[in-house]
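I opened this model to practise reading a structure one piece at a time. These are my notes, in the order I made them.

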Amino acid sequence: MHPLYHHYLPAFYQSRWTGRDGQLRRFSRPHGAKLVAKWVSPRVSGGEHLLYTDHSASAERAQAMETGFMSRLDSRASDALVALEAGDQAIRKEPQLRSAWSRFLMSLMMRMPDHLETLETGLVEEWARRTPELAALYETQRRPDDPATFAAYMDKRSPGELRGWMLSVLRALMDHSQIGEMINNMRWFVRTIDGPAEFLTSDRPLITWYEFAAQDSYIILPIGPKSAFVAVNNEETQKRIEARAAEEWVTALNSYIVGAARKFVFARDDCMKDLIAAHFGDAPRTTLIEYLLRFRRAEYAKSLRT
């Protein structure tokens, strides 16, 4: 049986915050401003039923994005994380293992439910921009038994076909070789925190500004209450991050992570409940998909002026 509950925040990642009972604390605001805290299992949290389902595909292929791509991506990322934390040289010397972690980082930039909605919006716009040329092409290639016009042909298309197209584009973006290579080439390290400070995580756990090739760029991802993965492009940036006082650094990152949260914040316990209540979703960040959509709109507007 194909799994129908699809994790946008993988179970292996959430489990880093679980206690001995295998549960972690999940905070949400399902009904306005009131913060709701609940103990949950990573197996049934941080996901949605049928999230990556291609409803236009056959029953045998409908779950291919989840079973054939996302599950494998997360499984390989879990192996890469073990190597990262252990300081295993394989994470530097084995391209497949290193790429597995880069691909996971890329996925966190575009796998959330609202990411999918934004990408689908962008594809609708792209389709609309191409309609005149597609209509002309249709006229030249139309077979006798095809609908008389391109509009009539499109009316016969299943609504699920757009989602299938979106999922194929999503997969290609997560597997983008140029972005992956830039992340692979960054300096990677794990910073472990001493003292009482602890990292939170959320459905927006990754902190970056997407300019991966810039000299002072960085990617930061908490990988547990006491540690964070960091990628930078030079030793100076690494030293600057490592020199920051642990409690100050963790507090700043937690503020970003909680402020950017859309649906959930995760913790090991209730110790930071007040911080979460004060800042939940108060500083949303522009997503990579939104940046790409804005760029495409700007390019189209420019083309109309020339």
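**Entry 1: Thr53**

I began with Thr53, which has a relative accessible area of 4% and is therefore buried, since buried means under 20%. I note here that the model is predicted. I looked up where Thr53 sits, and found it in the loop between strand S4 (47–49) and helix H2 (64–86). Leaving aside neighbours within four places in sequence, I listed the contacts of Thr53 as His6, Ala62, Gln63, Arg163 and Leu167.

**Entry 2: helix H2**

I went on to H2, which has 23 residues. From its first C-alpha to its last, H2 reaches 32 Å, close to the 33 Å expected at 1.5 Å a residue. I still found a bend in H2, of about 30°, at Met70. Met70 is also one of the buried residues of H2, and others among them are Phe69, Leu73, Ala77, Leu81 and Leu84. The buried set includes charged-letter names I had to read twice, Glu66 and Asp74.

Is Gly68 buried, partly exposed or exposed? Gly68 belongs to helix H2, and at 22% relative accessibility it counts as partly exposed. Beyond its neighbours within four places in sequence, Gly68 is in contact with Gln63 and Arg171. I had already met Gln63 as a contact of Thr53. After the end of H2 comes Gly87, and I noted that its phi is positive, near 70°.

**Entry 3: helix H5**

Next I took helix H5 (residues 113–141). A straight helix of 29 residues would span 42 Å at 1.5 Å a residue, but H5 spans only 37 Å between its end C-alpha atoms. Where does H5 bend? I found a bend of about 55° at Thr131, and a proline, Pro132, follows within four residues.

I then checked which residues of H5 are buried; among them are Leu116, Leu119, Leu123, Arg129 and Tyr138. The buried residues of H5 pack against S4, H4, helix H6 (150–155), helix H7 (160–174) and helix H12 (288–305).

**Entry 4: the sheet with S2**

I turned to the strands. One open sheet has four strands in the order S3-S2-S10-S6, with antiparallel pairing. Its edge strands are S3 and strand S6 (201–202), each of which pairs on one side only.

I looked at strand S2 (residues 24–28) in detail: five of its five residues are buried. Leu24, Arg26 and Ser28 are on one side and Arg25 and Phe27 on the other, and both faces are covered.

S2 pairs with strand S3 (residues 36–40) over five bridges, and there Phe27 stands opposite Ala37. Three bridges join S2 to strand S10 (residues 265–267). In S10, I found Phe266 opposite Arg26 and Val265 as the bridge partner of Phe27. I wrote Phe27 down with a partner in S3 and a partner in S10.

**Entry 5: the sheet with S8 and S9**

A further open sheet has four strands in the order S5-S9-S8-S7, again with antiparallel pairing. Strand S5 (187–192) and strand S7 (207–208) each have a single partner strand, so one side of each is left without a neighbour in the sheet.

How many bridges join S8 to S9? I counted six between strand S8 (residues 218–224) and strand S9 (residues 227–232). Leu221 stands opposite Phe229 in S9. I also noted helix H4 (residues 95–108), which lies across S5, S8 and S9 and runs at about 95° to S8.

**Entry 6: aromatic rings**

Last, I looked up ring pairs, and the count comes to eight aromatic pairs. I picked the pair of Trp188 and Phe229: the ring centres are 5.5 Å apart and the planes are at 80°, so the pair is edge-to-face. Trp188 lies in strand S5 and Phe229 in strand S9, so this pair ties together parts that are 41 residues apart in sequence. Both Trp188 and Phe229 are buried.

Which rings are linked with these into a cluster? I found that ring pairs join Phe12, Trp101, Phe104, Trp188 and Phe229. I end on Phe229, which is opposite Leu221 in the sheet and part of this cluster of rings.

Methods. Residues numbered from 1 in each chain as written. Predicted model: local features only at pLDDT ≥ 70, side-chain atom pairs only at ≥ 80, totals over all residues. Heavy atoms only, no water. Pairing = 2+ DSSP bridges. Helix = DSSP H or I, 4+ residues; strand = E, 2+ residues; numbered from the N terminus. Contact = heavy atoms within 4.5 Å. Axes fitted to C-alpha atoms, helices over the stretch in contact; angles between N-to-C directions. Buried < 20%, exposed > 50% of the residue type's maximum accessible area, 1.4 Å probe, protein only. Expected span 1.5 Å × (residues − 1). Bend = angle between axes of the 7 residues up to and from the residue. Phe/Tyr/Trp six-rings, centres within 6.5 Å; stacked < 30°, edge-to-face > 60°.
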